[in-house]
Amino acid sequence: MRRWLLACSLWLMCVAAVPAHPVETSCISHHHDIRPGDTAVALARRDGVDAHAFANWLARAGDTDRHALRSMRPGDHLDLCIARVDGHPATIGRLRVRSDRAGRHRAAQEPTVASLVGIRASVVTVPLAGAGASVAHPLRSQVTVTEPLPAATRLASALADVVGRRPVVEALAAYAHHVWHLPATLPKDSHYRLAMLEDPRHGAGHRLAMVALEAHGHMWRAYHYIDAKGHDYVVSAHGRGFEVLRPRHPVNHARISSGWGWRIQPVLGGREFHRGIDYAAPIGTPVHAAMDGTVSLCDWHGGYGRVVEIRHAHGLRTRYGHLSRFAAKLHPGSRVHKGQVIGYVGSTGLSTGPHLYYEIWEHGVRVDPLRHAPLTVAARLDTHQRKRLRHLIASVQQTS
């Protein structure tokens, strides 16, 4: 009996020691206005969450939270709810990124550019030195993030997250693949460094000037050079690389009535592979040259009807068919500029109604105009351009 009473007493004491409700862990909210150079992990560390705890949270985070972090930009707002339990490290209870367009615009005026969350990178911003000019005391602001590179990161995506999706970003990715022989997906040990030049002519006042990529223990550098006419190049320090050609649409505000690919031939019937683009527009609508070049054909040409062919640099040609008439004084040998009116929409040749038939030829082969814009073509800077490139490199090197 005594043993039974002792056991009951011990059981009642244990029950009394257990609280009626579990102890709730505190969750303290922290608000951050994202500044250039901020990363989520750095802000969480500031709030007491160590890198290991952040990594554990990130491993369990859903796609929504991951996408929010990768989309975070200077000017946005980050809300963290930090949970703390006595005797245990602080952890993230909740995380929220709030986008703010006005805040992003204000942050874009600041002299630094934020690095991509989760990528090891440095971003340096320097004033633009013109030809012959020197920078005695360049403005320098460097951001370094040391988190590991996420798996399966593509260079184009990483750069686009920092500088935006611009034609030169795709050209840099092509350069890395064809010149540096790197795969589209970066190796895990990679990191990169960007140099941004202050230049009021480009959007928010900055433009990409250099990318230095380190992978497999080797460092590569490529430069974004813009010539006096505004043409973009991605080249080595010796001026060899690619020119980024950005053809404009030949007809303003026109609807594409037939794209590239298989279709039923509207005049003759039967299936055919349409190797160009049809732009539906009223007769007499102006047609513009897609790029600078020289007119090589300006005449009636079989099913094209009245057609203009323009030869451009790097083995490119464009054709504009079914025109009602040509622009005044246009003839073979005429030099034309991008955007110049070369003719007017019609329905001549093998056509069922007014439209422009537009083609791009690359080294004698027709290519899809929509999928090949911008075009990245091999190029080499001439002596004068290489001299201007050296000034660009000098501006970047003064930040090192």
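This report describes the fold content, nonpolar cores, one strand hairpin and the salt bridges of a predicted model.

**Overall composition**

The protein contains 8 helices and 23 strands. Of its 400 residues, 46% count as buried. Among contacts with a separation of 6 or more, 63% are made by residues 24 or more positions apart. The accessible surface amounts to about 21400 Å², and carbon and sulfur atoms account for 54% of that area.

**Nonpolar cores**

The largest nonpolar core has 28 residues, and the members that touch the most others are L159, L172, W180, L213 and V234. Two or more residues of this core are supplied by each of helix 6 (155-163), helix 7 (167-178), strand 6 (191-198), strand 7 (206-215), strand 8 (218-226) and strand 10 (240-245). Helix 7 provides the largest share, with 8 residues. A second core, separate from this one, comprises 27 residues, including I277, L316, L323 and V345.

The surroundings of L213 can be listed in detail. When neighbours within four places in sequence are set aside, L213 is in contact with L155, W180, L182, L186, S190, H191, Y192, H218, M219 and W220. One of these partners, W180, is also among the core members that touch the most others.

**The hairpin of strands 12 and 13 and a surface patch**

Strand 12 and strand 13 pair in the antiparallel sense over 4 bridges. The two strands form a hairpin with 6 residues between them, and G269 in the turn has a positive phi of about 80 degrees. Within this pairing, R263 has E272 of strand 13 as its bridge partner. R263 and E272 also belong, together with D278, to a network of salt bridges.

The loop between strand 12 (261-264) and strand 13 (271-274) holds L268. L268 counts as exposed because its relative accessibility of 64% lies over the 50% limit. With V267 and L350, L268 forms a nonpolar patch on the surface, and the three residues together have about 270 Å² of accessible area.

**Salt bridges**

Side chains of opposite charge can pair when their charged atoms come close. The protein has 7 salt bridges in total. Three of the pairs are set out below.

| Basic residue | Acidic residue | N to O distance |
|---|---|---|
| R98 | D79 | 2.8 Å |
| R317 | E309 | 3.1 Å |
| R366 | E359 | 2.9 Å |

The pair of R98 and D79 links distant parts of the chain: R98 lies in strand 3 (residues 91-98) and D79 in strand 2 (residues 77-84), 19 residues apart. R98 has a relative accessibility of 26% and therefore counts as partly exposed. D79, at 19%, counts as buried because its value is under the 20% limit.

In the pair of R317 and E309, both side chains belong to buried residues. The pair of R366 and E359 joins a partly exposed residue to a buried one: R366 has a relative accessibility of 27%, whereas E359 has a relative accessible area of 0%.

Key: Residues are numbered from 1 along each chain as its sequence is written. This is a predicted model: local features need pLDDT of at least 70, side-chain atom pairs count only at pLDDT 80 or more; totals for chains, interfaces and linings use all residues. Side-chain values use heavy atoms; hydrogens and water are left out. A nonpolar core is a set of buried Ala, Val, Leu, Ile, Met, Phe, Trp, Tyr and Cys residues joined through side-chain atoms within 4.5 Å. Buried means under 20% relative accessible area, exposed over 50%, partly exposed in between (1.4 Å probe, protein chains only). Contact means heavy atoms within 4.5 Å. Patches are made of residues with over 30% relative accessible area and no salt bridge: like charges are joined within 9 Å, nonpolar side chains (Val, Leu, Ile, Met, Phe, Trp, Tyr) within 5 Å. Accessible areas come from the Shrake-Rupley method with a 1.4 Å probe; for residues, only the protein chains shown count as cover. A salt bridge is a side-chain nitrogen of Lys or Arg within 4 Å of a carboxyl oxygen of Asp or Glu. Two strands pair if DSSP finds at least two bridges between them.
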